[in-house]
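Please examine the sequence and the three-dimensional structure shown below. A series of questions and answers then follows.

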Number of protein chains: 2
Amino acid sequence: MVAPAWIACDWGTSALRVWAMSADGQVLDHARSDKGMGTLDKSGFQPALLSLIEPWLTKPTRAVACGMVGARQGWVEAPYTPVPCDPRTVTATAALTTDPRLTVTVLGGIRQDQPADVMRGEETQIAGALTTRPDFDGVLCLPGTHTKWAQISAGEIVSFRTFMSGELFALMSTQSVLRHSLGDGWDAAAFTEAVSDTLSKPEALAARFFALRAESLLHDLAPDAARARLSGLLIGAELAAARPYWLGTDVLIVGSPAASQPYASALAAQGVSAECLDAEAMTLAGLAHAHATLGETA
Amino acid sequence: MVAPAWIACDWGTSALRVWAMSADGQVLDHARSDKGMGTLDKSGFQPALLSLIEPWLTKPTRAVACGMVGARQGWVEAPYTPVPCDPRTVTATAALTTDPRLTVTVLGGIRQDQPADVMRGEETQIAGALTTRPDFDGVLCLPGTHTKWAQISAGEIVSFRTFMSGELFALMSTQSVLRHSLGDGWDAAAFTEAVSDTLSKPEALAARFFALRAESLLHDLAPDAARARLSGLLIGAELAAARPYWLGTDVLIVGSPAASQPYASALAAQGVSAECLDAEAMTLAGLAHAHATLGETA
């Protein structure tokens with residue numbers, strides 16, 4: 001029987017992940033479902049959460065949640081905090097629950113007015129990274145569907161930018177004409193070359209996509225090379241636009257190993273060394289910090 | 001009762017369009033279906049065609065077809081002709097038919113080895129344009145799902161490049177996170193500004209996509225402006241890569257009015273005047289030229 005001190009909850013657009021946490025920060029159990037925010041209406045959130053954590057609710061327990069669950073279309077709108085701000089100073093909003101065993105606290109996102117940008121969920125990973133590395137000053141990269149680059153100074157997020165490279169790769173590799181030419185594997189040299197080509201001639205990017213299809217038809221371009229090259233074109237375009245973030249500085253990447261590795265190798269090819277932290281661990285560290293900060297008040 | 005001299009057939013990936021043509025080039029009737037090449041296996045082509053043209057087959061009749069029907073996955077593979085070549089000098093391949101009333105001739109596409117590129121269908125539109133304007137020398141732009149730019153000299157296609165801007169716009173506007181921020185309308189000023197921004201700073205492109213979502217969330221960016229801006233970013237990136245084609249020359253656009261207008265206005269903003277020809281008329285002119293050239297031999 002698992003009886004967590006509190007429940008950590010990462011609730012994004014497409015998935016819900018929960019962890020039963022002990023008072024001293026150990027993971028006692030975990031679960032996930034595809035009941036992401038994007039699939040639920042207002043009345044669906046509590047049942048979706050209960051369906052995963054019901055066995056853990058032996059006493060009144062608080063769940064601390066980050067991510068799109070706090071969007072306007074989520075369970076409860078948790079306001080954005082404007083940059084510059086310390087992501088460890090959370091804005092927490094209580095979600096309406098009807099089960100007396102359950103208290104739900106939703107962490108707010110972060111906004112930047114100019115250039116306009118928003119994050120929901122990554123601020124908790126950044127808080128976790130800053131909890132883990134309290135003295136970190138520099139640039140964080142959080143690869144994913146919507147990759148974030150964030151400038152950290154004196155414990156605050158000073159500025160950030162979001163890139164859709166992950167979502168574009170998913171759409172182009174599975175739904176565009178390129179899907180016929182792409183494999184499941186990888187070709188590190190093709191990836192690095194595509195990153196460098198795009199960084200050196202970003203204006204030529206748009207001509208390079210269909211060329212993958214044509215090279216496949218005419219010159220038997222290997223499917224794995226085609227896949228790596230598409231990824232390299234998109235990450236190269238991202239690095240071109242994010243150059244003010246990474247140029248001349250070391251980078252801390254917070255992501256899954258699969259998402260982080262291409263960024264680390266793309267940066268290495270530009271002479272930038274990157275250290276990687278695991279996204280799930282940082283999410284849990286950020287949620288634990290929020291839980292500790294909230295104390296018994298929420 | 002329609003009794004065409006021949007049948008014109010534009011058979012792409014997602015649609016089949018047919019026209020009953022008189023001997024003097026008039027359209028007697030027309031029909032279309034969604035039986036595109038992408039939806040059919042080898043045995044499906046003849047039934048798909050017959051389901052549209054059966055009423056017209058009062059005597060043995062030839063159909064002349066262009067487009068993806070000639071791809072390897074199509075009815076019959078119609079070989080590519082390498083550039084440089086005159087698109088009016090067609091390579092025609094007979095498709096296997098079992099209905100004695102029906103002869104089907106499939107026109108081949110055009111290939112370019114370096115940079116690798118291919119077209120199937122557009123070569124017939126270009127042939128139509130050159131039939132209509134026999135003395136044309138310069139650059140053709142054929143906007144669509146996969147927009148083609150072609151350099152024409154002395155009646156030949158010298159080089160061409162393909163851009164996925166149309167397909168990317170469709171994917172991003174209907175399936176990415178941006179779909180929540182886009183309207184159905186248009187904002188000409190937002191479009192032109194996005195084209196110019198991308199042309200002047202192509203390296204910043206990747207940062208501008210998610211900004212549409214963020215500006216919508218934070219600053220109430222109008223949905224029509226967001227849609228026009230997304231189109232402007234993609235067409236701006238295309239113009240940046242296609243600059244060697246259009247810089248300092250006039251352009252002849254062959255497309256539907258809806259597809260051509262954004263390109264014409266984007267080019268006009270760069271000081272390039274563009275004349276527009278209707279794509280359907282050029283397809284029919286190209287198929288008619290092929291029919292006349294084939295005579296009774298195919």
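**Salt bridges and the contact between chains**

Q: Which side chain meets that of A:D99 in a salt bridge?
A: A salt bridge requires a side-chain nitrogen of Lys or Arg within 4 Å of a carboxyl oxygen of Asp or Glu. The side chain of A:D99 satisfies this at 2.8 Å, N to O, and its partner is A:R101.

Q: On what basis are these statements made?
A: This is a predicted model, in which local features need pLDDT of at least 70 and side-chain atom pairs count only at pLDDT 80 or more, while totals for chains, interfaces and linings use all residues. Residues are numbered from 1 along each chain as its sequence is written, chains are lettered from A and ligands numbered from 1 in the order in which they are written, and side-chain values use heavy atoms, with hydrogens and water left out.

Q: Is A:D99 buried or exposed?
A: Buried means under 20% relative accessible area, exposed over 50%, and partly exposed in between (1.4 Å probe, protein chains only). A:R101 has 25% relative accessibility and therefore counts as partly exposed. A:D99 has a relative accessible area of 12%, so this residue is buried.

Q: Why does the salt bridge of A:R161 and A:D117 tie together separate parts of chain A?
A: The two side chains meet at 3.7 Å, N to O. A:R161 lies in strand β12 (residues 156–163) and A:D117 in strand β9 (residues 117–119), strands being DSSP runs (E, at least two residues) numbered from the N terminus. The pair therefore joins parts that are 44 residues apart in sequence.

Q: Which residue meets B:R17 in a salt bridge?
A: The distance between the two side chains is 3.0 Å, N to O. The partner is buried, with a relative accessible area of 14%. That partner is B:D10.

Q: How many salt bridges are found over all chains?
A: In chain A, A:D10, A:R17 and A:E280 are linked in a network of salt bridges. A search of the whole structure gives a total of 20.

Q: Which side chain of opposite charge is nearest to A:R208?
A: A:R208 sits in helix α5 (residues 205–219) of chain A, a helix being a DSSP run (H or I) of at least four residues. Although buried, A:R208 has no salt bridge. Its side chain reaches a backbone oxygen at 3.3 Å, and that oxygen belongs to A:D197. The nearest side chain of opposite charge (Lys and Arg count as positive, Asp and Glu as negative; His and the chain ends are not counted) is 4.7 Å away and is that of A:D197.

Q: What area do chain B and chain A bury between them?
A: The contact (heavy atoms within 4.5 Å) takes 39 residues from chain B and 39 residues from chain A. Buried area is the accessible area (1.4 Å probe) that two parts lose on being put together, summed over both. Of this area, 72% lies on carbon and sulfur atoms, and the total is about 3300 Å².

Q: Which residues of chain B lose the most area to chain A?
A: Together they account for 19% of what that side buries. They are B:M164, B:F210 and B:L218.

Q: Which element gives the largest share of the side of chain B that touches chain A?
A: The count of salt bridges between chain B and chain A is zero. Elements giving two or more residues to this side include β12 (156–163), α3 (165–175) and α6 (223–241) of chain B. The largest share, 11 residues, comes from α5(B).

Methods. A polar contact is a pair of N or O atoms within 3.5 Å; within protein, one must be able to donate a hydrogen and the other to accept it, and residues adjacent in sequence count only if both atoms are side-chain atoms.
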